[in-house]
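I opened the notebook to record what I looked up in this model. The entries follow the order in which I checked things.

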Amino acid sequence: MATAGGGSVADPGSRSLLRLLSFCALLAGLCEGNSVERKIYIPLNKTAPCVRLLNATHQIGCQSSISGDTGVIHVVEKKEDLQWVLTDGPNPPYVVLLEGTLFTRDVMEKLKGRSGRIAGLAVSLAKPSPASGFSPSVQCPNDGFGIYSDSYGSQFAHCKAFQWNKVGDGLAYEDFSFPIFLLEDENETNVIKQCYRDHNLSPNGSAPAFPLCAMQLFSHMHAVVSTVTCMRRNLIQSSFTISPEVVCDPLSDFNVWSMLKPINTSRTLEPDDRVVVAATRLDSRSFFWNVAPGAESAVASFITQLAAAEALQKAPDVATLPRNVMFVFFQGETFDYIGSSRMVYDMEKGSFPVQLENIDSFVELGQVALRNSLELWMHTDPMSQKNETVLNQVEALLSTLEQSSAAVPTVVLRRLNQSQPLPPSSLQRFLRARNVSGVVLADHSDSFHNLYYQSIYDTAESINVTYPAGQSPEEDLNFVTDTAKALAGVATVLARTLYQLAGGASFRDTIQADPHTVTRLLYGFLVRANNSWFQSILRPDLRSYLGDGPLQHYIAVSSPTNATYVVQYALANLTGKVLDLTREQCQNPSQVPTENKDLYEYTWVQGPLNANETDRLPRCVRSTARLARALSPAFELEQWGSTEYSTWTESRWKDIRARIFLIASKELEFITLIVGFGILVFSLIVTYCINAKADVLFITPREPGSVSY
């Protein structure tokens, strides 16, 4: 008998099926990866990192390793708990969950000294704020970049007279080799503590059993050493690489400025044009990135100036005053006077409409929200007053202030000894360039009253901005607080003083700042930015800039920041005029013969809600509120090691995040590794054997053939 056909041949279709099944299994594994990760890790979504900043000579801040730093969590609620992480604990490294009241220089130096046992730090907010105060800034802010130096006013240099910020411990200007994060959400803090109690606590101080609760922190920084080093690397990258990887960026943003009477910004003023300058700062900082509430450090003063600008603009005869008034809100003053030094530089180079010789007098608002017994102190510079002309001008300026405050019962102005130096202020940068008659108004006669200067606790509560319980957000927005009334009094004094300095007399006592404006500004900047009034004054494309919490006032590197935009549009709406223009005309005013873009800024804003509160009534606002670059001249001049101008930069990073999870013992991890490696080897052997015997395992079924007998 003979059979037709026959032979055992490997089936190509079967091999293709095997490859397809393998690919599907791999794809399924990848798709399940995210699900597995969610089961293993709990992400911490509301945290703020400490990042690396650099200047001409140093680096400060914190960073993790490139793959993140992991450690067993240990909660430190009192100083005695530090012993476990520093010496006794058997499972280093540790990530310390530190109570906010213990976040001090003394504790941090102990942790810094044992960095081999410390993988990182998570700091919880102290509630209430530390009664003794907390300021991670230095005691002599902006030392070396103001008017006083070893060669000019040496008796005042380096705060020899007294330390302005007595509670400052300089913690924010230290360099840490491990990551430090702020826990902003109390619920997440409680989750971490519960995980610690469930897995890491053991009776009688014995070693806890595995698995243990751990935390992983990612905050690797690209820049190192100094601004000189990182900017040089940026330059090399951009010179030889098509797609350069920048490692640091200069701190920069925009100053906000406006004129009482419009000027042509396409050219400079004539030398005999006189301008009175009203100035304040916009920015603050804290130990943690972009957490800078700055209530007393900055917000109260610039809100007061906004209210003063509104009050002065309402005076009937402003258009006929012999002198103009310029309102300036400087950005980046925290970091060695970035904004004011840039404006002085631009004035000297003729690239700003107002020149130094146009300045008639200079009135600056310092910290003004924490007055004792209604007192507001007038600080002047003793060095410039050695010039008799300047001395007489300053005397006239102080007299004008006193006259303006006489009819304001909530403000009592006080003079200081002429031998006392200026506090840290933007005026110092102008005095470096020219003898200007100027004064700084502040709530302190010597050291700051602010116990939380440039810290996470410089919040609405620190300046007594509180609201009755049970009110709606809209009711809080319009509730006039005692702080608002007090700041409105200061704004009234400022507005009346500026009116007199500009040459006005007839309507001085009718000028009155509106407490309702002040209270809405306080609520928007310090409590809830996403409110009906802020929404009405912004452009439609800026709506997302308003969050449900307060605005932050860190200068950053991406500009303009949210706060800068809001200040600009608040100034425009408080001092500007609503025009009957269409959106197209507002965005292109050159189409309207009666309008001039060199004199005014035109902004199409969302406007208030209509009567039914369903739609907004958009409108065009014309004002003189503009932005001017606040980038240190050191970067334009490429003088990265400058001692004349600010050189602060911020390091770049790729990933900042934090998460908690359970970790096994080292022994179990080793066993798991060996078993996994064994399974891998076994699977390779099995795969090889199957592949080698494929012609036997996968044969083509025999087709029926003809049979012969």
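**Entry 1: the whole chain**

What share of the residues in the chain is buried? I noted that the model is predicted before reading any value from it. I then found that buried residues make up 53% of the 709 residues in the chain. I looked up the secondary structure and recorded 18 helices and 25 strands. For overall dimensions, I took the box filled by the C-alpha atoms along the principal axes, which is roughly 130 × 70 × 60 Å. I also checked how far along the sequence the contacts reach. Of the contacts between residues at least 6 apart in sequence, 79% join residues at least 24 apart.

**Entry 2: H6 against H14**

I turned to helix packing and began with H6, residues 295-313, and H14, residues 562-575. I read an angle of about 25 degrees for this pair, with the axes 8 Å apart. H6 is therefore roughly parallel to H14, since angles under 35 degrees count as such. The crossing of H6 past H14 is right-handed.

Which residues of H6 meet H14? From H6 I listed Phe-302, Leu-306, Ala-309, Glu-310 and Gln-313. Their counterparts in H14 are Val-567, Ala-570, Leu-571, Leu-574 and Thr-575. Sorted by class, the contact of H6 with H14 has seven nonpolar, two polar and one charged residues.

**Entry 3: H6 against H11**

I kept H6 and looked at H11, residues 482-501. The two axes come within 8 Å and cross at roughly 50 degrees. H6 and H11 are therefore oblique to each other. I noted a right-handed crossing of H6 past H11.

On the H6 side, I wrote down Ala-300, Thr-304, Gln-305, Ala-307, Ala-308, Ala-311 and Leu-312. In H11 they meet Leu-487, Val-490, Ala-491, Leu-494, Ala-495, Leu-498 and Tyr-499. How many residues of each class are in this contact? I recorded 12 nonpolar, two polar and no charged residues for H6 with H11.

**Entry 4: Asn-530**

I next looked at Asn-530, which lies in the loop between helix H12 (515-526) and helix H13 (532-537). Its relative accessibility is 25%, so I entered Asn-530 as partly exposed. Setting aside neighbours within four places in sequence, I found Asn-530 in contact with Gln-535, Leu-546, Gly-547 and Asp-548. With which side chain does the side chain of Asn-530 make a polar contact? I found Asp-548 as the side-chain partner, at 3.5 Å. I also took the separation of Asn-530 from His-516. They are 14 residues apart in sequence and 18 Å apart in space, C-alpha to C-alpha.

**Entry 5: Gln-355**

Is Gln-355 buried or exposed? I read a relative accessibility of 10%, so Gln-355 counts as buried. I placed Gln-355 in the loop between helix H7 (338-349) and strand S15 (359-365). Not counting residues up to four places away in sequence, Gln-355 touches Thr-268, Met-347 and Gly-350.

**Entry 6: backbone geometry**

I then went through the backbone torsions. Most residues other than glycine have a negative phi, and most peptide bonds are trans. I wrote down some departures from that pattern.

A cis peptide bond joins Pro-92 and Pro-93, with omega about 0 degrees. Pro-93 is in the loop between helix H2 (82-88) and strand S7 (94-98). I found another cis bond from Phe-210 to Pro-211, where omega is near 0 degrees. Pro-211 sits in the loop between helix H4 (186-199) and strand S10 (212-221).

For positive phi, I noted Asn-290, which is not a glycine and has a value of about 55 degrees. Asn-290 is in the loop between strand S13 (275-281) and H6. At 32% relative accessibility, I entered Asn-290 as partly exposed. Tyr-337, also not a glycine, has a positive phi near 60 degrees. Where is Tyr-337 placed? I located Tyr-337 in the loop between strand S14 (324-330) and H7. Tyr-337 has a relative accessible area of 1%, so I entered it as buried.

Definitions and conventions
Residues are numbered from 1 along each chain as its sequence is written. This is a predicted model: local features need pLDDT of at least 70, side-chain atom pairs count only at pLDDT 80 or more; totals for chains, interfaces and linings use all residues. Side-chain values use heavy atoms; hydrogens and water are left out. Axes are lines fitted to C-alpha atoms, for helices over the stretch in contact, and angles run from 0 to 180 degrees between N-to-C directions. Helices (H or I, at least four residues) and strands (E, at least two) are DSSP runs, numbered from the N terminus. Angles under 35 degrees count as roughly parallel, over 145 as roughly antiparallel, 65 to 115 as roughly perpendicular and the rest as oblique. A crossing is left-handed if the near helix is turned anticlockwise from the far one by less than a right angle, and right-handed if clockwise. Contact means heavy atoms within 4.5 Å. Ala, Val, Leu, Ile, Met, Phe, Trp, Tyr, Cys and Pro count as nonpolar, Asp, Glu, Lys and Arg as charged, and the others, Gly among them, as polar. Buried means under 20% relative accessible area, exposed over 50%, partly exposed in between (1.4 Å probe, protein chains only). A polar contact is a pair of N or O atoms within 3.5 Å; within protein, one must be able to donate a hydrogen and the other to accept it, and residues adjacent in sequence count only if both atoms are side-chain atoms.
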